[in-house]
Structure formats: C-alpha cells, structure tokens
Amino acid sequence: MLKKLVVIAMLSTAAFAQEAAKPAAGANARKPARTKTLTNAEFDAYLAHPEKVLLVDVRRPDEVSTIGGFPVYLSIQIKDLKQHLNEIPRDRGIITVSNHAARAGAAGDQLEDAGFKVLGAVGADTYQLDGGKLAVKIPVPPPAPAAAGAHPAEAAAH
C-alpha cells in the first residue's frame with residue numbers, strides 16, 4: 001500500500017512539474033499585427049505609383065545588404081521608430097518592410113497608432129521567394145584599418 005502511494009505521489013509530482021514548466025498561454029507569443037501583409041501583386045500595384053507611397057524598412061543594415069531591398073526606402077530600425085516619427089512624411093501611404101513581414105507588421109501598427117496612413121507590410125525575403133525582384137544588394141563596407149603604429153584616434157583624424 002505504501003509503495004502504491006509513493007508511486008502515485010511521484011507521478012503526480014512529475015505531472016505538476018511538467019505543467020509548471022509550460023509557459024502561460026501566450027506568455028512568449030507575439031501579438032499578431034493589425035497591419036495587413038501585402039501580397040506581391042498588391043505590393044507591385046503600390047510600387048507602380050511611387051509618388052503615392054513611402055517604404056519604411058525596419059531591418060538592420062546587415063539584413064538589407066545580405067537579403068537585398070527595394071530601390072528607394074527610408075531606413076529606420078524598429079527599435080528606433082518612435083524617436084523618428086517626426087522625420088517620416090505624412091503625405092504618402094506607408095508600406096513597412098522587414099524580412100518576413102513580422103517586424104514590418106508591428107512597425108505598421110506603431111505608425112498607424114501615431115496617425116500615419118499605413119497601406120500594409122511586406123517581407124523582402126518572402127517577396128523574393130514568391131518571385132519578386134529585389135534591388136541589388138549593397139554590401140556594407142568593412143571598417144577602415146588603422147594606420148600601422150598610429151593611435152586609433154589619430155588614424156581616424158587623418
């Protein structure tokens with residue numbers, strides 16, 4: 001009898017431990033964006049009228065140089081978006097860009113909350129995988145090497 005109680009206690013302890021190890025529902029889940037993810041056809045239709053749209057690319061420069069991007073855009077990383085709202089023109093519809101549209105959707109929501117007209121979000125990598133053509137990748141140049149024997153501050157001054 002004691003052996004059965006010990007086994008039951010061990011099994012129930014293991015079950016509670018497994019349940020406790022699970023994160024609360026949605027604790028780490030990203031809230032879905034309200035901003036619509038554009039299809040390639042929708043995005044291309046907007047790009048046919050560049051005077052009416054502004055692309056805000058929220059990726060890091062290394063992501064743009066690795067994957068590629070679109071010919072003309074405003075580059076503001078998503079973490080810096082709120083500090084640069086005054087620099088974004090309000091006379092055009094905004095399309096936000098990231099690699100797969102997740103960050104772009106979140107950025108679109110932020111911009112819409114700030115009163116911008118957001119047309120949608122697009123993922124540059126997704127756009128290309130679905131047959132879209134990206135602009136040529138522009139490599140990020142490596143930092144210039146310091147002159148031999150010179151102090152780094154002195155080399156930068158020259």
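Reader: Which residues of E1 are buried on one side, and which on the other?

Author: Keep in mind that we're looking at a predicted model. Strand E1 covers residues 53-57, and five of the five are buried, so the strand is largely enclosed by the rest of the structure. Now take the faces in turn: both are covered, with Val53, Leu55 and Asp57 on one side, and on the other Leu54 and Val56.

Reader: OK, so what does Leu54 pair up with in E3?

Author: Start with the strands themselves. E3 takes in residues 93-98, and E1 pairs with this strand in the parallel sense, over five bridges. Look across from Leu54 and you'll find its bridge partner in E3, Ile94.

Reader: And which residue of E2 is the bridge partner of Val56?

Author: E2 is residues 74-75, and E1 pairs with E2 in the parallel sense too, over two bridges. For Val56, the bridge partner in E2 is Leu74.

Reader: How does the chain get from E1 to E2, and what is the hand of that crossover?

Author: Follow the chain out of E1 and you go through helix H3, residues 61-67, before reaching E2. That makes a β-α-β crossover, and its hand is right-handed.

Reader: Switching to rings, how are Phe43 and Tyr127 arranged?

Author: A pair of aromatic rings is described by the distance of the centres and the angle of the planes. Searching the whole structure turns up three aromatic pairs. For Phe43 and Tyr127, the centres are 5.2 Å apart and the planes sit at 80 degrees; an angle over 60 counts as edge-to-face, so this pair is edge-to-face.

Reader: How many residues apart are Phe43 and Tyr127 in the chain?

Author: Phe43 belongs to helix H2 (residues 40-47), while Tyr127 belongs to helix H5 (residues 124-129). Both residues are buried. The pair links distant parts of the chain, and the separation is 84 residues.

Reader: Why does the pair of Phe70 and Tyr127 tie together separate parts of the sequence?

Author: This aromatic pair is edge-to-face as well, at 5.4 Å centre to centre with 65 degrees between the planes. Both Phe70 and Tyr127 are buried. Phe70 lies in the loop between H3 and E2 and Tyr127 lies in helix H5, so the parts being tied together are apart in sequence by 57 residues.

Reader: Which residues do the ring pairs link into a cluster?

Author: You've already met the pair of Phe43 with Tyr127 and the pair of Phe70 with Tyr127. Put those ring pairs together and the cluster is Phe43, Phe70 and Tyr127.

Reader: Last one: what ring does the charged end of Arg90 sit over?

Author: Find the charged end of Arg90 and look for the ring centre 3.9 Å away. The ring belongs to Phe116.

Note on methods. Residues are numbered from 1 along each chain as its sequence is written. This is a predicted model: local features need pLDDT of at least 70, side-chain atom pairs count only at pLDDT 80 or more; totals for chains, interfaces and linings use all residues. Side-chain values use heavy atoms; hydrogens and water are left out. Buried means under 20% relative accessible area, exposed over 50%, partly exposed in between (1.4 Å probe, protein chains only). Helices (H or I, at least four residues) and strands (E, at least two) are DSSP runs, numbered from the N terminus. Two strands pair if DSSP finds at least two bridges between them. A crossover is right-handed if, with the strands pointing away from the viewer, the path from the first strand over the helix to the second runs clockwise. Rings of Phe, Tyr and Trp (its six-membered ring) pair if their centres lie within 6.5 Å; planes under 30 degrees apart count as stacked, over 60 as edge-to-face and the rest as tilted. A charge sits over a ring if NZ of Lys or CZ of Arg is within 6 Å of the ring centre and within 35 degrees of the ring normal.
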